[in-house]
Amino acid sequence: MGELTDLDTAPETHHLPVLLTEVLEGLDVVSGERYIDGTVGGGGHALAILETSAPSGRLLALDRDPEAAARATARLEPFGERATVVHASYDRLRAVAEVENFVPVAGVLFDLGFSSWQVDDPTRGFAFRLVGPLDMRFDPSAPTPSAADLVNTLTAEELAQLLWEYGEERQSRRIAQAIVSARPLRTTEALAEVVSRAVGGRRGRLHPATRTFQALRIAVNQELERLEAALPQALEVLRPGGRLAVITFHSLEDRLVKQFLKREASDCICPPRVPICTCEHQAQVALITRKPVLPSAAEREANPRSRSAKLRIAEKLP
Ligand SMILES: C[S@@+](CC[C@H](N)C(=O)[O-])C[C@H]1O[C@@H](n2cnc3c(N)ncnc32)[C@H](O)[C@@H]1O
């Protein structure tokens with residue numbers, strides 16, 4: 001699980017776009033075309049797409065975090081009407097693209113997970129190394145349960161299942177029991193302490209609470225469900241020859257993207273033992289990357305957050 005180490009690194013002052021050159025090349029960004037950035041964050045990839053597609057390329061950018069959307073709006077303001085930023089979750093990609101008159105497009109990018117801005121802000125509750133409320137919602141303006149709601153209301157069995165499924169946490173039962181015994185838990189610090197006490201000291205480079213925090217964040221934001229809903233919509237809005245680029249940061253989301261692209265690159269998705277194809281499935285994409293593109297040693301050195309990144313690219317067939 002790649003992203004696991006990220007919360008354990010020193011705070012960065014700003015968010016560096018990951019695999020930037022590889023994304024621009026992979027999306028084949030050129031002047032005059034239209035692109036969608038489904039996760040605009042600090043706007044690093046978005047800015048580069050707008051610069052590379054100058055003078056007339058256009059970008060529609062989404063983020064589920066209202067603060068990120070506001071920051072990106074300000075950062076992309078110099079591009080005038082060439083850039084449109086919308087506060088929306090990427091599982092609404094097709095509807096937003098239709099409303100904004102952005103169908104079809106030449107490229108769609110998802111750079112998944114959280115940004116340095118979010119993790120370094122204690123009030124968001126993403127980081128166990130900072131003291132803050134146990135929130136973890138990408139969209140704190142939405143009336144959805146926070147991490148505190150989950151840890152204080154789920155049963156020990158439900159918590160253990162969540163930690164196992166989304167954190168691949170081997171000590172899930174022990175941690176779940178310790179959480180239930182210690183609640184109510186209100187802060188990142190309190191949760192990190194309970195987990196540390198339950199499982200003992202550090203495990204190698206990882207803080208003992210790393211997997212617990214990741215699992216809660218994925219559950220709170222329904223990250224895998226939303227990604228699963230967004231990927232087919234991205235293919236629907238692409239023009240033939242258009243490119244989809246996805247950067248993942250942990251094995252659960254990478255597996256989901258890999259399996260989706262494999263299925264959509266196949267003419268038959270019948271179970272292996274079926275002698276004659278009955279599925280009538282038609283390949284929608286060609287895989288541009290058979291293996292994921294990884295950051296160079298230089299990028300990993302310069303930007304520790306990039307260490308677990310994996311980029312996959314596919315092209316929509318005519
Ligand atoms: C890794 S950051 C993107 C960084 C960006 N590419 C850049 O260069 O600054 C991921 C962003 O995705 C956003 N995000 C997470 N889930 C989302 C969703 N369901 N819909 C839209 N944005 C989402 C987060 O709020 C965060 O800002």
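Setting aside residues up to four places away in sequence, Leu76 touches Val40, Gly43, Ala46, Leu47, Leu50, Leu59, Ala83 and Val85. The model described here is a predicted one, and Leu76 offers a convenient way into it. Leu76 belongs to helix α3, which covers residues 66–76. With a relative accessible area of 2%, Leu76 falls under the 20% limit and is therefore buried. Leu50, one of the residues that Leu76 touches, lies 26 residues away along the chain, and the C-alpha atoms of the two are separated by 8.7 Å.

From here the view can widen to the sheet. Seven strands form an open sheet in the order β3-β2-β1-β4-β5-β7-β6, and their pairing is mixed. The edges are taken by β3 (83–87) and β6, each of which pairs on one side only. From one strand to the next, the twist averages 20°. As a general point, the strands of a sheet pair through backbone hydrogen bonds, in either a parallel or an antiparallel manner.

Strand β1 (residues 34–37) is a good place to look at this pairing in detail. On one side, β1 is joined to strand β2 (residues 58–63) by four bridges, and the two strands run parallel. Strand β4 (residues 105–111) is also parallel to β1, with three bridges joining them. Asp37 takes part in both pairings: its bridge partner in β2 is Ala61, while in β4 Asp37 stands opposite Leu109. The side chains of β1 are shared between two directions, with Arg34 and Ile36 pointing one way and Tyr35 and Asp37 the other. All four of these residues are buried.

Helices pack on this sheet as well. Helix α1 touches β1, β4, β5 (238–248) and β7 (310–316), and its direction makes about 160° with that of β5. Helix α3, the home of Leu76, packs on the sheet through β2 and β3, and makes an angle of about 170° with the direction of β3.

Helices also meet one another. The axes of α1 (residues 20–27) and α2 (residues 44–52) come within 10 Å and cross at roughly 50°. At this angle the two helices are therefore oblique to each other, and α1 passes α2 in a right-handed crossing. On the α1 side the contact is made by Leu20, Val23, Leu24 and Leu27, and on the α2 side by Gly44, His45, Ala48, Ile49 and Thr52. Sorted by class, this contact has six nonpolar and three polar residues, with no charged ones.

A second helix pair is formed by α7 (residues 156–167) and α10 (residues 210–220), which pack with their axes 8 Å apart and at an angle of about 95°. These two helices are therefore roughly perpendicular to each other. Leu162, Leu163, Tyr166 and Gly167 of α7 meet Arg211, Thr212, Gln214, Ala215, Leu216, Ile218 and Ala219 of α10. The contact of α7 with α10 has seven nonpolar, three polar and one charged residues.

Finally, a loop residue deserves a look. Gln282 is found in the loop between α12 (251–264) and β6 (285–287). Its relative accessible area of 62% is over the 50% limit, so Gln282 is exposed. Leaving aside neighbours within four places in sequence, Gln282 is in contact with Ser266 and Asp267. The C-alpha atoms of Gln282 and Glu264 are separated by 7.6 Å, although the two residues are 18 residues apart along the chain.

Definitions and conventions
Residues numbered from 1 in each chain as written. Predicted model: local features only at pLDDT ≥ 70, side-chain atom pairs only at ≥ 80, totals over all residues. Heavy atoms only, no water. Axes fitted to C-alpha atoms, helices over the stretch in contact; angles between N-to-C directions. Parallel < 35°, antiparallel > 145°, perpendicular 65-115°, else oblique. Left-handed = near helix turned anticlockwise from the far one by under 90°. Contact = heavy atoms within 4.5 Å. Nonpolar A, V, L, I, M, F, W, Y, C, P; charged D, E, K, R; others polar. Buried < 20%, exposed > 50% of the residue type's maximum accessible area, 1.4 Å probe, protein only. Pairing = 2+ DSSP bridges.
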